[in-house]
Amino acid sequence: MPAPRRTRRQLLRDSAMYLSRRLGRSLAPPDRVSVNLTLRCNLRCTMCTTCYDSPELSTEEVKGIIDQTAAWGVEVFNPLGGEPFMRGDIEEILAYAVARGFYVTVTTNGTLITDKRARAIAAIPADRLHVNISLDGDEAANDAIRGAGSWRRAIAGYRRIREADAAAGNSRRKILANTILHAGILDRFEAILDEQAALGFDGVQILNLFRVGPDVPPESRALWFSADQAGDLEALAERLARRAETQGPTGYRIQNDPASLRKIPRYYRDELGPLEAPCWAGFKELYINADGAAIMCDGKLDFLNGSFGNVREQTLRQLWSSPALARRRAVVKACRTPCIQDCYLRRESDSGRELAADAARLAAARLRSAVARRRRRVRRIEGAVLRLELTDVTDAPAPGCTTPMDRWERLVASLPQPPSADNWALFRDRGYLDFGRGFMGFEVVRAVCADLAAARMVFDTLAVRWRGEPLLHGEAEPILGFLLDHVERGEVAGRLRLETSGRFYTEPLIALAGRPVPQDIVLDLDRWAGFDGGGAWTPEAGLPPALNRLEAVAGPHTRILLTVRATPHTDARALRALRPDYGLAAGRYPPSGSRLIFVRRTDHDHFLANREARASLAAVATALGVPADLGEEDRPRRCVAPWRSPTVSWDGKITLCPRDVRLEQRVGEVTGGRLSEVWRGPDLEAARRQCEGAGVPDRALCRDCAWPWSPNLPG
């Protein structure tokens, strides 16, 4: 029997939607709630008929819709316009929607993105807020439609967002171009896409000119394709479809599916019939206009004629179950209007027979999986360190650290007193701390562990630190306990490594050190000292008070390492005196020793800085009387990162190694995919082949990278 195409949760959702349409009832909430935040716009595009002055919902009314959407369990809140940035409160609305747990995409013409607004966007998590910028061609074509200078202003706004994200230390935000394919750019459309890719856009959504019925709107007549362009349009549509079929999972991507692209010529020849699958308008989306009216297609592509209530008078759920909507749905079910708007398709719920077949497949697959887990051999990935980033917020700087401290400052800005281990949980429980942006959800941790356990993949070490302090996480104790459970069962990793400043250790967290499970506790003394304005450990900083309790509780399975980064000012004698009974190690992470003082090297992008880092490490190691792998750059580069250092960011992005702090070289995601599949997937396999040949992956960040020589790379 073939594998099921969906998860159990998806099957239940898709089945409920199928029955909703079949019975004409609201048995499931919509997939999305869309709101026209405004119908105003600062541009006057030649083909546009939808932007005009209209009453608008207030900030609090929009937030109320967002609250209702979240409480209803709808997964997508979709802010629309008009030009959303005509509203002075748009950043507040977007931030509020993200704080309520939504992944949001906002579409804008880009011309109103000032430096201040870009900084406000950068304060919203990059994985939860994506941006689409409308560009109707290259500069000449765009400005002919949207007004002189509009292309340059849009690109300036786009660059401001990129620069603000970089200044905030954010991961790469997904920014697409929305581009209408029209007669004026038929001969150079592919060059326009290449131009967008060169500008750094992540992809394009190709749009069509809008029509109502058989007539071409006079506003867009000059942009409509003529009969003598039909052959060229057919050829272009086929090339675009093939490009979409062969494009990779990363980089600049056409967002349209190939079948939709191949329909474009028929649309402009007026040969397109009604949708070739059921239309889910009225079932898939609840659409609120700027004045609060609930609207939908009237069966003739006119949404204003499809009004059926107002959010100012009814709740979203009341609108969804109203007799007025039931009547609108009946009209859409009988619709025969030619249409290319496949945004209202929901093929996964079209066929009851396919849903039943998938239910049977899912049951069979679960049974096979249970049997296979008992038979499958464990795949141990020796020497590899899997990093799960519980947070990218750090409470203190350290030598070589690039994590921006403003993330910490924003997190604690509203606290009534300085944070400490004693009051952190209290501030969490009283709502002073916002753990939305920058903190990995427990559900992501569970999903990664379930995936690896099912695949029977066991990494050598599971480390729970990357760019931030893991003990700041609001669920640090249950997450660490959960990870130790997996290690104890021989799943996910052979050992857990917790790297922390130690400042936010509580008794329940300390108690975990007593569990009879292989674990390393690495106390970062530089970050311990940095909390009070330092940045590198000095004897005056002393040791974290939690150390004494950890030593008392830790059993034979628990290693404790005190670590500092070597600098020209590191006091080797003071280090040795910290704990005279501890062993000493320098350079590469020590594989053995239950109690150690460990001196590591800093890593830099410039070879002169790395030379200084090697000299500092050599001096400290010599003073301590221990050998050290300095990371000399006197041998060919041979990067092992694709085999040894998979790193998962707090928002689920997978990158090759922890040097990619901007997440510019992602190879996949765990939120929409599986780490086990990425590990065996084409991107990582290609990177491994490139390392075997050229020494490093063929990626921009890797070409001049010195990390293959560093002792900090798992060897």
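At what angle do helix α5 and helix α6 pack, and how far apart are their axes? In this predicted model, helix α5, which spans residues 139-146, packs against helix α6, residues 150-168, at an angle of about 110°, and the two axes are 7 Å apart. Because angles of 65 to 115 degrees count as roughly perpendicular, α5 and α6 are described as roughly perpendicular to each other. The α5 side of the contact is made by Glu139, Asn142, Asp143 and Arg146, while α6 contributes Ser150, Trp151 and Arg152. Sorted by class, this contact holds four charged residues and two polar ones, together with one nonpolar residue.

Within α5 itself, the buried residues are Ala141, Asn142, Asp143, Ile145 and Arg146, and these buried residues pack against strand β4 (129-134) as well as against α6. Just after α5 comes glycine 147, which takes a positive phi of about 115°.

Nonpolar packing was examined next. In soluble globular proteins, nonpolar side chains tend to be buried together. The largest nonpolar core of the model has 84 residues, and Phe201 and Ile288 are the members that touch the most others in this core. Helix α6 supplies the largest share of the core, with seven residues. A second core, separate from the largest one, contains 83 residues, among them Ala455, Leu562, Tyr582 and Trp679. When residues up to four places away in sequence are left out, the contacts of isoleucine 288 comprise Ser34, Val35, Asn36, Leu57, Ile65, Ala293, Ala294, Val311, Leu316 and Leu319.

Charged pairs form another part of the picture. Side chains of opposite charge can pair when their charged atoms come close. Across the whole structure, the search finds 51 salt bridges. In one of these salt bridges, arginine 40 meets glutamate 56 with an N to O distance of 2.7 Å. Both residues of this pair are placed in the loop between β1 (32-36) and α2 (59-72), with their positions 16 residues apart in the numbering, and the pair links distant parts of the chain. Arginine 40 is partly exposed at a relative accessible area of 25%, and glutamate 56 is likewise counted as partly exposed, at 23%.

A further salt bridge joins arginine 100 to aspartate 67, with the closest N and O atoms 2.5 Å apart. Since arginine 100 lies in the loop between α3 (90-99) and β3 (104-108), whereas aspartate 67 belongs to helix α2, the pair ties together parts that are 33 residues apart in sequence. The relative accessible area is 37% for arginine 100, which is partly exposed, and 26% for aspartate 67, which is also partly exposed.

The salt bridge between aspartate 358 and arginine 361, at 2.9 Å from N to O, is formed within a helix. These two residues are three residues apart in helix α12 (residues 352-375) and are therefore separated by about one helical turn. Aspartate 358 has a relative accessibility of 1% and counts as buried. Elsewhere, salt bridges with shared partners connect Glu238, Arg242, Glu245 and Arg262 into one network.

Two buried polar residues were also considered. Asparagine 178 is located in strand β5 (residues 175-180) and is buried, its relative accessible area being 9%. Beyond residues up to four places away in sequence, asparagine 178 touches Thr107, Asn132, Ile133, Ser134, Leu135, Asp136, Gln205 and Leu207. Serine 710, found in the segment after α24 (682-694), is buried with a relative accessible area of 1%. With the same exclusion of residues up to four places away, serine 710 touches Arg588, Arg601 and Asp603. The C-alpha atom of serine 710 is separated by 8.5 Å from that of aspartate 629, although the two residues are 81 residues apart along the chain.

Several features of the backbone complete the description. Most residues other than glycine have a negative phi, and most peptide bonds are trans. Glycine 81 and glycine 82, however, are joined by a cis peptide bond with omega of about 20°, and glycine 82 is situated in the loop between β2 (76-80) and α3. Valine 492, in strand β12 (residues 492-493), has a positive phi near 70° and counts as buried at 2% relative accessibility. Leucine 663 also has a positive phi, near 55°; leucine 663 is placed in the loop between β19 (653-655) and β20 (666-669) and, at 0% relative accessibility, is buried.

Terms used
Residues are numbered from 1 along each chain as its sequence is written. This is a predicted model: local features need pLDDT of at least 70, side-chain atom pairs count only at pLDDT 80 or more; totals for chains, interfaces and linings use all residues. Side-chain values use heavy atoms; hydrogens and water are left out. Axes are lines fitted to C-alpha atoms, for helices over the stretch in contact, and angles run from 0 to 180 degrees between N-to-C directions. Helices (H or I, at least four residues) and strands (E, at least two) are DSSP runs, numbered from the N terminus. Angles under 35 degrees count as roughly parallel, over 145 as roughly antiparallel, 65 to 115 as roughly perpendicular and the rest as oblique. Contact means heavy atoms within 4.5 Å. Ala, Val, Leu, Ile, Met, Phe, Trp, Tyr, Cys and Pro count as nonpolar, Asp, Glu, Lys and Arg as charged, and the others, Gly among them, as polar. A salt bridge is a side-chain nitrogen of Lys or Arg within 4 Å of a carboxyl oxygen of Asp or Glu. Buried means under 20% relative accessible area, exposed over 50%, partly exposed in between (1.4 Å probe, protein chains only). A nonpolar core is a set of buried Ala, Val, Leu, Ile, Met, Phe, Trp, Tyr and Cys residues joined through side-chain atoms within 4.5 Å.
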